[in-house]
Amino acid sequence: MRIALAISLTAMAGPISACAIFPEPDPLLGATYNADGTEALVWYADPSDAYQHGVLGDAIEGTRIRLRSSRTWNTCGVFFAWAGEDHVYEDTAPRLADMDGDGVAEVIAVRSSVSKGAQLIVYAEPNDPMENGFPDMMSVVAATPYIGTANRWLAPIGAADLDGDGTIEIAYVDRPHLAKTLRIVSIQGDQLLEEAALPGVTNHRIGERDIAGGVRDCGQGPEMIVASADWSQLLAVTYDGSFQTRQIGTDTSRSAFVAAIACQ
């Protein structure tokens, strides 16, 4: 079981049990429950072993996303997205973030092609839910290019207005085992385009079932919590058009990451 998932499912056991239309989230695939004023639940489904990369400790990945939106919460309505032929969602869990400020969260996922490797992709729920029956398919808002080679992956850090310009950016580590480069992207038209890149950091080791760190705000704006490339330092990274990096410890265990995210 992937670690992030076990925590999420414990929190979600109550809300989802009343909906029997679809199976509950699979504990091997990944789910996220959002309770920041609106209720939403998103999870990976329909497992496949079509992509034998196994970067997260096994080669079983979801091929579909299911979303119970705040707009359909009381009806148990579910939106979905399909990874596509020869694709899987190579990820710990889909993420929820309101990318355009309209009060409705978009879904952020890692989609991998069996021949071209991973990309970051953002989906939006339909404008008119259930107009054509249900479940309704989500639309692709934007995506990064594929890394370009099979068995190459990226590990999300999080989504936030990182530079204070009023736009939500997404941060991730490109190839955390090889390139070890933090990249910041934002939606521009139908693409996720890079704003900045910082080499020399990571947030995952091959075979780990979770992704370390994330985005925190301890009262002075968002900080990205990652490790140095050799895992010798715990780092807090800010971005305001340029990067500022400071060491906040030498313990890079998962407990140290959890404490850092909690501003401890």
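The protein contains two helices and 19 strands. The model described here is a predicted one. Of its 264 residues, 49% count as buried. The accessible surface of the protein amounts to about 11300 Å², and carbon and sulfur atoms account for 50% of this area. Among contacts in the protein with a separation of 6 or more, 52% join residues that lie 24 or more positions apart.

The largest nonpolar core has 18 residues, and those touching the most other members are Ile-108, Leu-120, Trp-153, Ile-170 and Leu-192. At least two residues of this core are supplied by each of the strands β7 (106–113), β8 (117–124), β11 (154–160) and β12 (169–174). Strand β8 gives the largest share, three residues. Both domain 1 (28–152) and domain 2 (154–263) take part in this core, each with at least three residues.

The surroundings of one core member, Leu-120, can be listed. With neighbours within four places in sequence left aside, Leu-120 is in contact with Ile-108, Ala-109, Val-110, Ala-142, Ala-143, Thr-144, Leu-154, Pro-156, Ile-170, Tyr-172, Val-185 and Leu-192. Apart from the largest core lies another core, made up of 17 residues, including Leu-29, Ile-65, Phe-79 and Ala-109.

A search of the whole structure for disulfides finds one. This disulfide is formed by Cys-218 and Cys-263, whose sulfur atoms are 2.0 Å apart. The bond links distant parts of the chain, the two cysteines being 45 residues apart. Cys-218 belongs to the loop between β16 (214–217) and β17 (222–228), whereas Cys-263 belongs to the segment after α2 (254–261). The torsion about the S-S bond of Cys-218 and Cys-263 is about -95 degrees, and the disulfide is therefore left-handed. Cys-218 has a relative accessibility of 38% and so counts as partly exposed. For Cys-263 the relative accessibility is 38%, so Cys-263 also counts as partly exposed.

Aromatic side chains were examined next. A pair of aromatic rings is described by two quantities, the distance of the centres and the angle of the planes. Four aromatic pairs are found in a search of the whole structure. In the pair of Tyr-89 and Tyr-123, the ring centres are 6.4 Å apart and the planes stand at 75 degrees; the pair is therefore edge-to-face, the angle being over the 60 degrees required for that class. This pair also links distant parts of the chain, with Tyr-89 in strand β5 (residues 87–89) and Tyr-123 in strand β8, 34 residues apart. Tyr-89 and Tyr-123 are both buried. Through ring pairs, Tyr-89 and Tyr-123 are joined with Tyr-44 into a cluster.

The rings of Tyr-239 and Phe-243 form another pair, with centres 5.0 Å apart and planes at 45 degrees, so this pair is tilted. Tyr-239 counts as buried because its relative accessibility is 6%, and the cut-off for burial is under 20%. Its partner Phe-243 is located in strand β19 (residues 243–249). Beyond neighbours within four places in sequence, Phe-243 is in contact with Leu-182, Ile-184, Ala-196, Ala-197, Leu-198, Met-224, Val-237 and Thr-238. One of these contacts, Ala-196, is 47 residues away from Phe-243 in sequence, while the C-alpha atoms of Phe-243 and Ala-196 are 8.5 Å apart in space.

The backbone was also examined for positive phi values. Most residues other than glycine have a negative phi. Arg-175, which is not a glycine, has a positive phi near 45 degrees. Arg-175 is part of the loop between β12 and β13 (181–188). With a relative accessibility of 27%, Arg-175 counts as partly exposed. A positive phi, about 50 degrees, is also found at Lys-180, again a residue other than glycine. Lys-180 is likewise in the loop between β12 and β13. The relative accessibility of Lys-180 is 22%, so Lys-180 counts as partly exposed.

Terms used
Residues numbered from 1 in each chain as written. Predicted model: local features only at pLDDT ≥ 70, side-chain atom pairs only at ≥ 80, totals over all residues. Heavy atoms only, no water. Core = buried A, V, L, I, M, F, W, Y, C linked by side-chain atoms within 4.5 Å. Buried < 20%, exposed > 50% of the residue type's maximum accessible area, 1.4 Å probe, protein only. Helix = DSSP H or I, 4+ residues; strand = E, 2+ residues; numbered from the N terminus. Domains from an automatic or database assignment. Contact = heavy atoms within 4.5 Å. Areas by Shrake-Rupley, 256 points an atom, 1.4 Å probe, with all protein chains shown as cover. Disulfide = S-S within 2.5 Å. Phe/Tyr/Trp six-rings, centres within 6.5 Å; stacked < 30°, edge-to-face > 60°.
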